[in-house]
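Reader: I am in my first year and still learning how to read a structure like this one. Could you take me slowly through the largest pocket, and then show me how that part sits within the rest of the chain?

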Amino acid sequence: MICMMMGCLSLSMTSCENYPEGVPSFYSSEYRIVGVWQIAHTYLNGVEIDSTDYTGYAVNTYYYMYADHVMAVRANRNGEWRESIFATYILDPKKKTIALKYTLMGKNYDFVADVRRLSKKEFFIEFDDENGDHWRLEMFSRSGY
């Protein structure tokens, strides 16, 4: 009986996805990314900032991630809520990257970011923009998990 329980436990542990930073999870990254994410911290070249002209990277911007690579980005600028048009993402669990493409308030965003953390409550990404600046966005779930 104990051998059977140990066998089942080892089988279930091998199905855990260790993604990323050694955080085991029974949920796939594709499942964990679906939900509402709010940017809580934005870092530009290693320094935390509280405002930026890049609304898609600003604190309190929301990323709505849906199944099948569809998303929306929503931000408040000067008291008005604005939402992206044509927004998609492609998550690559093997490479630990996410490609994001959207338009928000007249600016096109199209970049591939390294996923530093992805749990049901935290989603951290890092990337370099077209100017060579390094960004880190720390998002937290607003989906009620």
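Author: The largest pocket is lined by Asp 50, Ser 51, Thr 52, Thr 55, Ala 58, Val 59, Asn 60, Thr 61, Ala 75, Asn 76 and Arg 77. Please keep in mind from the start that this is a predicted model. Sorted by class, the lining of this pocket comes to six polar, three nonpolar and two charged residues, and the volume of the pocket is about 170 Å³.

One of these lining residues, Asn 60, deserves a slower look. Asn 60 belongs to the loop that runs between β4 (47-49) and β5 (62-65). With a relative accessibility of 42%, Asn 60 counts as partly exposed, because that class covers the range between the buried limit of under 20% and the exposed limit of over 50%. The backbone of Asn 60 is also worth noticing, since its phi is near 75 degrees, a positive value in a residue other than glycine. As a general background, most residues other than glycine have a negative phi.

Another positive phi is found at Lys 96, where the angle is about 60 degrees although the residue is not a glycine. Lys 96 is placed in the loop between β8 and β9, and its relative accessibility of 32% makes it partly exposed. The loop between β8 (85-92) and β9 (97-104) also holds Pro 93, which counts as partly exposed at 23% relative accessibility. Pro 93 and Glu 30 are 63 residues apart in sequence, yet their C-alpha atoms are 8.1 Å apart in space.

Two further pairs show how parts of the chain that are separated in sequence come together in the model. Leu 118, in strand β10 (residues 107-118), is 85 residues from Ile 33 in sequence, while the C-alpha to C-alpha distance is 7.2 Å. Leu 118 has a relative accessible area of 1%, and it is therefore buried, as the limit for that class is under 20%. Ser 119 lies in the loop between β10 and β11 (122-128), and its C-alpha atom is separated by 6.1 Å from that of Arg 32, a residue 87 positions away along the chain. If neighbours within four places in sequence are left aside, Ser 119 is in contact with Arg 32 and Trp 37.

With these details in hand, we can step back to the whole chain. Its secondary structure comes to two helices and twelve strands, which follow one another along the sequence in the pattern α-β-β-α-β-β-β-β-β-β-β-β-β-β. Among contacts with a separation of 6 or more, 44% join residues that are 24 or more positions apart. Of the 145 residues, 39% count as buried, and the chain exposes about 8600 Å², of which carbon and sulfur atoms supply 55%.

A last point concerns how far to trust what you see. The chain averages a pLDDT of 85, and 81% of the residues score at least 70. Over residues 1-19, however, pLDDT stays under 50, and for this stretch the model has 24 contacts beyond four places in sequence. Where pLDDT is low, the predicted coordinates should not be read in detail.

Note on methods
Residues numbered from 1 in each chain as written. Predicted model: local features only at pLDDT ≥ 70, side-chain atom pairs only at ≥ 80, totals over all residues. Heavy atoms only, no water. Helix = DSSP H or I, 4+ residues; strand = E, 2+ residues; numbered from the N terminus. Buried < 20%, exposed > 50% of the residue type's maximum accessible area, 1.4 Å probe, protein only. Contact = heavy atoms within 4.5 Å. Areas by Shrake-Rupley, 256 points an atom, 1.4 Å probe, with all protein chains shown as cover. pLDDT = per-residue confidence, 0-100. 1 Å grid on protein atoms, 1.4 Å probe; cavity = no way out; pocket = protein on both sides within 12 Å on 5 of 7 lines; lining within 4 Å. Points joined across faces, edges and corners; volume = space filled by probe spheres on them. Nonpolar A, V, L, I, M, F, W, Y, C, P; charged D, E, K, R; others polar.
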